[in-house]
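Let's take a walk through this one together, from the inside out. Have the sequence and the model open side by side as you read.

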Amino acid sequence: MIKHILCIGAGYVGGPTMAVIAKHCPGIRVVVADINADRVAAWRSGEPPIYEPGLKEVLATSLGRNLHFTADLEAAIPEADVIFVSVNTPTKTFGRGAGKAADLQYWEKTARTILQHAQGHTIVVEKSTLPVRTAEAMERILKTGNAGARFDILSNPEFLAEGTAIADLERPDRVLIGGAETKEGRAAIQALVEVYGQWVPADRILTTNVWSSELSKLAANAFLAQRVSSINAVSAICERTGADVLEVARAIGADVRIGPKFLKAGVGFGGSCFQKDILNLVYLCEHHGLEEVARYWESVVTLNLYQKRRFVERMIHAMFNTLAEKRIAVFGFAFKADTGDTRDSPATEVCRELLAEHAHVCVTDPQALPSARRDLHDAGPRLTFEDDPYAAARGAHAIALLTDWREYRDLDYERIYAGMEKPAFVFDGRNLLDAARLHAIGFNVYSIGRPDLSRL
Ligand code: NAD
Ligand code: UGA
């Protein structure tokens, strides 16, 4: 019976996941530890360090009762029955596998800290997304040197998406738990099943062996990203042929075998995980000599880079082949709506390319401006930031919409048009806006994978 849970890593996954577990399991004491003291202080104050709809309310249900945040990891380890490890696993930037393999230094450091401080029996749960067979390395580390401790390792990858994290955690499509096919392994799986079973229907809790669980997480992200790259590839054909990607997506999505979700063409996928996890999968394939499989998955990332480049090239071409000294208002910097997260956001690359063309770029975003300032801190004086989208667009030659924030759909575009340089352009990188209406106002409108509505 699990009484104490510790989660190492209070980020986008650790914080929301533990808040939901604590809410549904009032009999379990949940402690979340992080090395970043500012993050810990923010969680403790009830004002989460990340923007996620509904998170603050869920946090309030258990904060200070059975949910606690701490920077003192070592003190929290001995009492834990279960330790979720939810630290970041970014792409390696140095040495062997640089640019593809996962950087496991934070992960291994965590394993060693657990080994040093654990007492009695502890279930260690991989929550972070990891290369297949990481649990094996974890087990080897944990089996060395602490005679007073015994460990079982489980894989329990997280499938939440940012912006909908709370709904995804409250009503998951599935919870996946992988464990060793031994008596102890099965008992550890059962203990974790009982935690999730307090709010997740039994038929949504899947149990597998550890390697299937680890691989399923990478494969799920690869499939999702592949759908986005596939519809983006179709969008490029649409722009050449007069087909409309919205109509094509509706037509192919009506086939129940394909389904309508994840068929939104756009400026390219972003976020901290899709590219990282696919490259990790590519590295794994190369390691096992599966060259063709590696190239297949790599093409999903290649297409994504092409889509971002294509977006800027279309802007340059439409605006008479020069952006020099023109003001461009960038609407949205987050990698998707309803988050302040800008990790691997397509907006970073688009802004950098616009600045390389000597455009004056003014970025606005309802949640991501602090992060955007950090990401582009070295961009120079041509880059500015504005809270107010109307101010961002004032005097601009063009608007580039890069994040699908709903509020951008409801702006007063007559007012925006009146304050812009003419001819005024809109490049809708998310097919969010009513292109026909904007065209009627006077804009030249370029959407993704749709016919141009130009007045030139
Ligand atoms: P994050 O960077 O937001 O959070 C990770 C946290 O771990 C940070 O706060 C960091 O300070 C802390 N940390 C690092 N090393 C530590 C240590 N030794 N001790 C204590 N704390 C430490 O990352 P994230 O977005 O929450 O992602 C975590 C993992 O979950 C990654 O493997 C990611 O691939 C996976 N994942 C992320 C998402 C998502 O939507 N962000 C969804 C599913 C899975
Ligand atoms: C994604 C997965 O959806 C989660 O299941 C997974 O847990 C998570 O990665 C992870 O492992 O980190 P997330 O990146 O938060 O979640 O957000 P998504 O909704 O998947 O969007 C990713 C990117 O694809 C965004 O830039 C989004 O704008 C783009 N996208 C998505 C499209 O361009 N078109 C679509 O149809 C869907």
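**Holes, cores and odd backbone spots**

The lining of the largest cavity splits into 2 nonpolar, 5 polar and 3 charged residues (Ala, Val, Leu, Ile, Met, Phe, Trp, Tyr, Cys and Pro count as nonpolar, Asp, Glu, Lys and Arg as charged, and the others, Gly among them, as polar). Before going on, some housekeeping: this is a predicted model, where local features need pLDDT of at least 70 and side-chain atom pairs count only at pLDDT 80 or more, while totals for chains, interfaces and linings use all residues. Residues are numbered from 1 along each chain as its sequence is written, chains are lettered from A and ligands numbered from 1 in the order written, and side-chain values use heavy atoms, with hydrogens and water left out.

Back to that cavity. Its volume is about 50 Å³, and the residues lining it include Glu126, Ser128, Asn156 and Lys217. Helix α9 (residues 210-241) gives the largest share of the lining, 3 residues; helices here are DSSP runs (H or I, at least four residues), strands are E runs of at least two, and both are numbered from the N terminus. Searching the whole structure turns up 3 cavities of 30 Å³ or more. The second largest has a volume of about 40 Å³, with Phe269, Gly270 and Asp344 among its lining residues. On a 1 Å grid over the protein atoms alone, a cavity is a set of points where a 1.4 Å probe fits but cannot get out; a pocket is an open set with protein on both sides within 12 Å along at least five of seven lines, and lining residues have an atom within 4 Å of a point. Points are joined across faces, edges and corners, and a volume is the space filled by probe spheres set on them.

As for pockets, the second largest has a volume of about 560 Å³. Of its 22 lining residues, Pro131, Val132, Arg133, Leu284 and His287 lie nearest the centre. The largest share of this lining, 5 residues, comes from α11, and the lining as a whole has 12 nonpolar, 4 polar and 6 charged residues.

Now for the packing. The largest nonpolar core has 43 residues, with Ile5 and Phe84 making the most contacts inside it (a core is a set of buried Ala, Val, Leu, Ile, Met, Phe, Trp, Tyr and Cys residues joined through side-chain atoms within 4.5 Å). Helix α8 (residues 183-196) is the biggest contributor to this core, with 7 residues. Apart from it lies another core, of 37 residues, Val245 and Leu376 among them. Helix α1 (residues 14-24) is mostly covered, with 9 of its 11 residues buried; buried means under 20% relative accessible area, exposed over 50%, and partly exposed in between (1.4 Å probe, protein chains only).

What about disulfides? There are 0 in the structure (one would be a pair of cysteine sulfur atoms within 2.5 Å). Cysteine 25 can't form one because the closest cysteine sulfur, in cysteine 7, is 14 Å away from its own.

Finally, the backbone. Lysine 422 and proline 423 are joined by a cis peptide bond, with omega about -5 degrees, and proline 423 sits in the loop between α16 (413-418) and β13 (425-428). Phenylalanine 262 has a positive phi near 60 degrees without being a glycine and is partly exposed at 39% relative accessibility. Asparagine 321, also not a glycine, has a positive phi of about 65 degrees and is exposed at 54%.
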